[in-house]
Amino acid sequence: MGNANSGILGLLFVTVISLLATWMDALSLQLAKVVPWAQLHSLSHLAMALVCLCLFTAFRSKSSLKTSAPVMMVFRSLTAVGALGFYYLALKTVSLTEFVTVNAMIPLVAGVVSTVTFQDRLGPWAWVAILLGCGSVIFGYWVTEHEIGVGFLYALLGLVFSVLTMQAARYIQLREQATVSLVFYPALCVSLVPFFIAPEPMVPLEGSLMIVFVIYILLLIVVRLLTMYTLRQISVVGFGLFLNLQFIWAILIDVFYFLDQPEWYEVMIVVALVASVSLYIFKNSNQIEDPSHGKASAASA
């Protein structure tokens with residue numbers, strides 16, 4: 001029963017993550033247009049690294065900065081830099097809708113990568129759930145007659161690196177109880193590397209821009225820590241499917257905050273996403289009840 005509750009808690013966490021990530025993406029969209037890459041990510045991830053050190057100091061008996069997979073941790077840290085770099089380039093030109101559309105392909109890409117890295121064998125219903133969720137968002141993007149620009153392609157590259165960094169986290173999580181270290185080392189890497197890759201003059205953060213930046217940092221820290229915990233409970237594919245709920249949150253924000261009326265295709269996407277997530281839960285209930293499912297295959301990867 002404890003494992004079942006843990007798995008359900010993971011699903012609830014990723015639902016919360018999808019909501020927080022929607023707001024975080026909106027803020028990062030605003031910041032990326034005025035704040036240099038090194039300043040945006042180095043300062044925010046330096047704050048995250050400091051929070052991790054505080055957590056490690058406060059809960060020394062329950063957390064550790066040691067890892068039994070140092071090579072994979074380095075890989076995770078470098079792919080995190082790549083993901084943030086390409087996402088930053090994308091956010092300078094794409095809209096929030098375009099960004100969410102690209103991220104909707106995470107479970108599809110993760111499903112393919114997981115088949116190779118973790119030797120996972122997704123059943124036909126799992127692929128139906130993936131295609132239903134991804135396809136509905138992509139279809140909604142096409143019916144609005146958007147064109148694929150360079151920002152969209154940058155976002156795709158960021159997505160690939162993002163999937164790789166989550167797969168690396170999943171690999172480590174299946175071998176050790178790592179949450180703080182999985183956030184600390186990538187944060188430390190992102191704090192340093194951007195200044196060497198793309199040094200740019202810093203932009204003064206004043207007034208509302210400072211408020212936006214502080215809120216972005218807070219959301220970033222919460223989302224990263226919750227993500228690492230959640231990846232101990234469910235696969236990257238399941239995580240990606242629930243992350244697609246960002247589209248639903250974005251529509252609800254438009255309806256209740258901006259008082260917009262949803263389009264017919266947006267309603268259709270919401271129905272398809274709910275069906276996709278429900279189908280995944282129903283057909284993978286054994287994995288939800290047993291979060292350790294997949295350890296044997298992962299160990300042989």
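Start your selection with Leu31 and Phe239: of the 84 residues in the largest nonpolar core, these two touch the most other members. A nonpolar core here is a set of buried Ala, Val, Leu, Ile, Met, Phe, Trp, Tyr and Cys residues joined through side-chain atoms within 4.5 Å. Buried stands for under 20% relative accessible area, exposed for over 50%, and partly exposed for what lies in between, with a 1.4 Å probe and protein chains only. The largest share of this core, 11 residues, is supplied by helix α9 (residues 208-230).

Before moving on, a word about the model. It is a predicted one, where local features need pLDDT of at least 70 and side-chain atom pairs count only at pLDDT 80 or more, while totals for chains, interfaces and linings use all residues. Residues are numbered from 1 along each chain as its sequence is written, and side-chain values use heavy atoms, with hydrogens and water left out.

**Stop 1: around Leu31**

Keep Leu31 selected and show its contacts, meaning heavy atoms within 4.5 Å. Leaving aside neighbours within four places in sequence, Leu31 is in contact with Leu40, Leu209, Val212, Phe213 and Tyr216.

**Stop 2: the whole chain**

Zoom out and colour by secondary structure. You will find 14 helices and 0 strands; helices (H or I, at least four residues) and strands (E, at least two) are DSSP runs, numbered from the N terminus. Of the 301 residues in the chain, 50% are buried. Among contacts between residues at least 6 apart in sequence, 89% join residues at least 24 apart.

**Stop 3: Trp23 in α1**

Now pick Trp23, in helix α1 (residues 2-32). Is Trp23 buried, partly exposed or exposed? Trp23 counts as partly exposed, because its relative accessibility is 38%. Without its neighbours within four places in sequence, the contacts of Trp23 are Leu219 and Ile253. Add Ala250 and draw a C-alpha to C-alpha distance: Trp23 and Ala250 are 8.6 Å apart in space and 227 residues apart in sequence.

**Stop 4: α2 against α8**

Next, select helix α2 (residues 37-58) and helix α8 (residues 180-197). Two packed helices are described by the angle between their axes and the distance between the axes. The axes are lines fitted to C-alpha atoms, for helices over the stretch in contact, and angles run from 0 to 180 degrees between N-to-C directions. For α2 and α8, the axes come within 8 Å and cross at roughly 150°. That makes α2 roughly antiparallel to α8; angles under 35 degrees count as roughly parallel, over 145 as roughly antiparallel, 65 to 115 as roughly perpendicular and the rest as oblique.

The crossing of α2 and α8 is left-handed, a term for the near helix being turned anticlockwise from the far one by less than a right angle, with right-handed used if clockwise. Show side chains on both helices: Trp37, His41 and Phe56 are among the α2 residues in the contact, and Val183, Phe184 and Phe195 are among those of α8. The residues of this contact divide into 18 nonpolar, 4 polar and no charged. In this grouping Ala, Val, Leu, Ile, Met, Phe, Trp, Tyr, Cys and Pro count as nonpolar, Asp, Glu, Lys and Arg as charged, and the others, Gly among them, as polar.

While α8 is on screen, click Ser181, which lies in that helix. Ser181 is buried, with a relative accessible area of 0%. Not counting residues up to four places away in sequence, Ser181 touches Ser64, Leu65, Lys66, Met73 and Pro186.

**Stop 5: α3 and its two partners**

Keep α2 and bring in α3. Their axes come within 10 Å and cross at roughly 135°, which makes α2 oblique to α3. Here α2 passes α3 in a right-handed crossing. Trp37, Leu40, His41 and His45 of α2 meet Val81, Leu84, Gly85 and Tyr88 of α3.

Then swap α2 for helix α7 (residues 150-173), which packs with α3 (residues 70-91) at an angle of about 160°, the axes being 7 Å apart. The two are therefore roughly antiparallel, and α3 passes α7 in a left-handed crossing. By class, this contact has 19 nonpolar, 6 polar and 1 charged residues.

**Stop 6: α4, then Phe282**

How many of the 8 residues of helix α4 (residues 96-103) are buried? There are 6, so α4 is largely enclosed by the rest of the structure. Select Glu98, Phe99, Val100, Thr101, Val102 and Asn103 to see them.

Finish at Phe282 in helix α12 (residues 264-283). Phe282 counts as exposed, at 61% relative accessibility. From Phe282 to Ala126 the C-alpha to C-alpha distance is 9.9 Å, with their positions 156 residues apart in sequence.
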